[in-house]
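Student: I have just opened this structure and would like to learn how its parts are described. Could you go through it with me?

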Amino acid sequence: METFSYWLSFSVSINLRWITVNLITTLVVVSDEPLDDNAILEVLRGVMDPELNLNIVDLGMVRSAHADGSTAHVTIALTTAGCPLRATIKRDCESRVGTLPGITKVTLHWDELTPEERTKVMDRARSNARDNAAPTQIPGRTRVISIASGKGGVGKSSVTVNLATALATEGFTVGVLDADIWGFSIPRMLGIDSRLSARPAHSEEERGKIVPEHKKVGRGVLKVVSTGLMVDTEETALMWRGLMLAKAVEQFLHDVDWGDLDYLLIDMPPGTGDVQMALARLLPQAEMLVVTTPALSAQKVAVRVADMARRSHMPVLGVIENMGAFQTPDGQSWPLFGEGGGQRLAEEISAPLLGSIPLEPSISKGGDSGEPVAIQNGPAGNAFRKLATRIVEEILPPINMEDCSATEITEVAVTLRNE
Ligand SMILES: Nc1ncnc2c1ncn2[C@@H]1O[C@H](COP(=O)(O)OP(=O)(O)OP(=O)(O)O)[C@@H](O)[C@H]1O
Ligand SMILES: [Mg+2]
C-alpha cells in the first residue's frame with residue numbers, strides 16, 4: 001500500500017503540455033478539409049529515430065511533406081545516406097501516413113543532412129536528452145503494440161500474455177503493460193503475485209521510479225506493470241477508481257523505469273475510450289493488433305476499434321482471430337464459435353489476418369495457473385509461437401541497434417557527460 005501511495009502522489013500533477021498536444025491532435029483528426037501538409041507532419045511525429053530517441057519531425061529530419069491527390073510525398077534527410085535504420089524509418093513513415101484519409105500511396109524521397117543540419121539535429125537530440133523532454137520512459141527503439149478489441153471477453157489479455165511469452169522465449173525483452181486498470185488480469189495470467197517496488201529519486205530534480213516486475217522466460221525476459229501488482233485486492237482497486245483512472249496509464253509510461261525493451265505489449269481495456277485516446281497521444285509510435293472471435297457478429301464491434309485507431313492515426317498491424325475451431329486429438333475441427341469472422345474483419349479494415357488461435361481449454365487453464373500456453377506444446381501454443389515469429393520476421397521486426405553506427409548517440413552521451 002505504501003508503494004501505491006507513493007505512486008499515487010505522482011498522479012495529481014496535470015501536464016498541460018500533453019493537453020496541448022492532445023488538442024492539436026484532435027483538431028487534425030476532426031478536420032474535414034482537404035489534407036494539408038501539417039496533417040502529414042502531425043502523423044510523422046509518430047515516427048521515432050530509434051538512435052536519437054526523438055521523432056523525426058522534432059529532430060528536423062523531414063524536409064517536406066505534401067499530398068498530391070491520393071499520393072503523399074515525404075522527403076526525409078538522414079544523418080548519413082547509408083543509415084541502417086532507413087528501412088525501419090521507411091516502413092514506419094508509410095504505415096503512419098497511410099492512415100490519413102484519402103491517402104492510398106506514400107512515396108518517400110531520401111536526402112542527406114548537411115553538416116550544419118547534422119549539428120542542429122544533434123543539438124535537438126542533446127537538449128531533448130538533457131531536459132528529459134521524452135514524453136515517456138519507453139525507448140525510441142521499442143516496438144509498441146496495443147492489443148485491443150471492440151468488446152470484452154474475446155481474449156485480449158490471453159493474447160497479450162501468450163504473445164509476450166512467445167516473444168520472450170525467442171530472447172526478446174518484452175514489456176507488458178496492463179492498461180486494463182481496474183479489470184486487471186495480467187498478474188494472475190503470468191503467475192506473478194509479488195508487489196511492485198519503487199526506487200527513490202537520487203536528486204531533488206529527479207522523480208522516483210516504479211520498478212517493473214521481471215520474469216525470466218526462455219532466453220528473454222518480461223517486464224510487467226499492472227495495477228494488480230500495486231493493490232492488495234480488487235476491492236481496494238475500486239476504492240481508487242475515480243481518482244486515478246484518467247492518469248493511471250500516463251503514470252505507467254512516465255514513472256516506470258522500463259529500461260531497454262524490444263517490444264512493449266499493452267493489454268487494453270475493452271471498448272474504445274479514454275485510455276485508447278491517451279495511448280495514441282502518449283505513445284504516437286504505438287501500433288494496434290485487433291482481437292476478434294470467429295463469430296461474424298463480433299466483427300462489427302471490432303471494426304469500431306479499428307476505426308478509432310485510424311482516427312488517432314495508429315496503424316493497425318493486423319487481426320488475430322481468437323477462439324477459432326476447437327481441434328480434437330484425432331484431428332477433427334469444431335468451429336464452436338462460428339467461422340470466418342477474422343478474415344471478414346481483416347478484409348473490411350484492409351489489414352492482414354495474422355493468425356487464428358484455436359479454442360482450447362489449456363488457454364484458460366494456463367491463464368489460471370500462471371503458466372501461459374505459449375510455453376507448452378499443442379495447437380494453441382504452436383499458434384502463438386507462429387504468430388510471434390510472424391511479427392518478428394515480417395510484420396514488426398525489432399529494431400536492432402547493433403546494426404547502427406551509433407556514432408551520433410555516442411556523441412550525445414559524451415557531450416552530456418562533459419557538460
Ligand atoms: N482460445 C481460447 N480458448 C479457450 N479459452 C480462452 C481462449 N481465449 C481466451 N479464453 C478464456 O476466455 C476468457 C476471456 O479471455 P481474456 O480474459 O483473455 O479476454 P479479454 O478480452 O482480455 O477480456 P476483458 O475484456 O474482460 O479484459 C478467459 O477465461 C480466458 O482464459
Ligand atoms: Mg482483459
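Tutor: Let us talk about a sheet and the helices beside it, keeping in mind that this is a predicted model.

Student: Why are β10 and β17 said to stand at the edges of the sheet?

Tutor: The strand order is β10-β11-β7-β12-β6-β13-β14-β17, in an open sheet of mixed pairing. β10 (213–217) and β17 (353–358) each have a single partner strand, so one side of each is left without a neighbour in the sheet. On average, neighbouring strands here are turned by 20 degrees against each other, direction ignored.

Student: How do you know that β13 and β14 pair?

Tutor: Pairing requires at least two bridges between two strands. Residues 287–292 of β13 and 316–324 of β14 share five bridges, in the parallel sense, so the pair meets the requirement of at least two. Leu-289, for instance, stands opposite Gly-318 in β14.

Student: Which strands does helix α10 touch?

Tutor: Helix α10 (residues 298–311) packs on the sheet and touches β6 (143–148), β13 and β14; its direction makes about 170 degrees with that of β13.

Student: What makes the contact of α10 with α11 partly nonpolar, and how do the two helices cross?

Tutor: Helix α11 covers residues 341–348, and its axis comes within 10 Å of that of α10, crossing at roughly 35 degrees. The crossing is right-handed. Ala-298, Gln-299, Ala-302 and Val-303 of α10 meet Gly-341, Arg-344, Leu-345 and Glu-348 of α11. These residues divide into four nonpolar, two polar and two charged, with Gly counted among the polar ones.

Conventions. Residues are numbered from 1 along each chain as its sequence is written. Chains are lettered from A and ligands numbered from 1 in the order in which they are written. This is a predicted model: local features need pLDDT of at least 70, side-chain atom pairs count only at pLDDT 80 or more; totals for chains, interfaces and linings use all residues. Helices (H or I, at least four residues) and strands (E, at least two) are DSSP runs, numbered from the N terminus. Axes are lines fitted to C-alpha atoms, for helices over the stretch in contact, and angles run from 0 to 180 degrees between N-to-C directions. Two residues are in contact if their C-beta atoms, placed from the backbone, lie within 7 Å. A crossing is left-handed if the near helix is turned anticlockwise from the far one by less than a right angle, and right-handed if clockwise.
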